[in-house]
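These are my notebook entries on a single model. I record what I looked up, entry by entry.

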Amino acid sequence: MHLPDGLVSPIVTIIGFLLTIIFWVVCFKKVKLSEQQVPMMGLLTALFFAAMMINFPLLGPTTAHLLGGAAIGLILGPFAGLISMSIILVLQALLFGDGGLLVLGVNVLNIGVIGVFIPCIVFLALNKLFKPKLGFGLFGTIFISAFLGDLLAAIAAGTAVGLSPLSPWYGLSIAVPAMALNHSIIGAAEGIVTVILIATLLKLRPDVLEKSPILSKLSLFQNKTQNKEPPHVQT
């Protein structure tokens, strides 16, 4: 998923940086974190920094890794989620050469923007449509959101490579199906990990999720908020 320098054409690189910069500006202006979320942001950033360094062999001569965008985005919100993922990608590029510096904008666009915002959008849409209760319905919604976020991020990365005809071995007809097929497998793992993390926080630290711009929309938190409202007194 981390694209190296030299694999993406200059025009795709420039477009990726321009779009990413726009999202960075918006996120730094919009981000708001509660006292409970600040240490959680550090913990999740460190967790998925390490998780992304572990690559799993999949179909063919390719490997894939967890992204963490769905978990970070759903727990912290998309604005803080993109900042967290950007920190991870910058450190990985600088310290380990995992992903190029020139193509950093494209990598952040794929993994940070698409990988974070898409799960949040899908989750909000499914929550509004089905209003899932705590249990299989809720965790199924989280799984689908994480799976689609991972898959679409991979397709976007394949598209960036496919639109960069720097090698006869890479084109849209090759890069996109390869990335989609492999990350449909890792996307299932992404969904499972995201469900486990959020289920654990629901049990141990529901106060963190209650402050989430995304998960706070759940009916269980909405009902809790309504129950806290003081009764109206008529005089």
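Entry on the model. I note at the outset that this is a predicted model.

Entry on charge pairs. I looked up the salt bridges and found a count of 1. The partners are Arg 205 and Asp 207, whose side chains meet at 2.8 Å, N to O. I then checked the accessibility of both residues. Arg 205 has a relative accessible area of 36% and is partly exposed. Asp 207, at 24% relative accessibility, also counts as partly exposed. Its value lies above the 20% under which a residue is called buried.

Entry on helix packing. I examined helix α2 (residues 37-52) against helix α3 (residues 69-76) and found that their axes come within 11 Å. The crossing angle is roughly 180 degrees. Angles over 145 degrees count as roughly antiparallel, and α2 and α3 are therefore roughly antiparallel to each other. I listed the residues that meet between them. On the α2 side I recorded Gln 37, Met 40, Met 41, Leu 44 and Phe 48. On the α3 side the partners are Ala 71, Ile 72, Ile 75 and Leu 76.

Entry on the surface. I looked up nonpolar patches and noted one of about 660 Å². Its members are Met 53, Ile 87, Leu 91, Leu 94, Leu 95, Phe 96 and Leu 101. I followed Ile 87 further and placed this residue in helix α4 (residues 78-96). Which exposure class does Ile 87 fall into? With a relative accessible area of 38%, Ile 87 is partly exposed. Patch residues need over 30% relative accessible area, so the value of 38% for Ile 87 meets that cut-off.

Conventions:
Residues numbered from 1 in each chain as written. Predicted model: local features only at pLDDT ≥ 70, side-chain atom pairs only at ≥ 80, totals over all residues. Heavy atoms only, no water. Patch = residues over 30% accessible without salt bridge, like charges linked within 9 Å, V, L, I, M, F, W, Y side chains within 5 Å. Areas by Shrake-Rupley, 256 points an atom, 1.4 Å probe, with all protein chains shown as cover. Salt bridge = Lys/Arg side-chain N within 4 Å of Asp/Glu carboxyl O. Helix = DSSP H or I, 4+ residues; strand = E, 2+ residues; numbered from the N terminus. Buried < 20%, exposed > 50% of the residue type's maximum accessible area, 1.4 Å probe, protein only. Axes fitted to C-alpha atoms, helices over the stretch in contact; angles between N-to-C directions. Parallel < 35°, antiparallel > 145°, perpendicular 65-115°, else oblique. Contact = heavy atoms within 4.5 Å.
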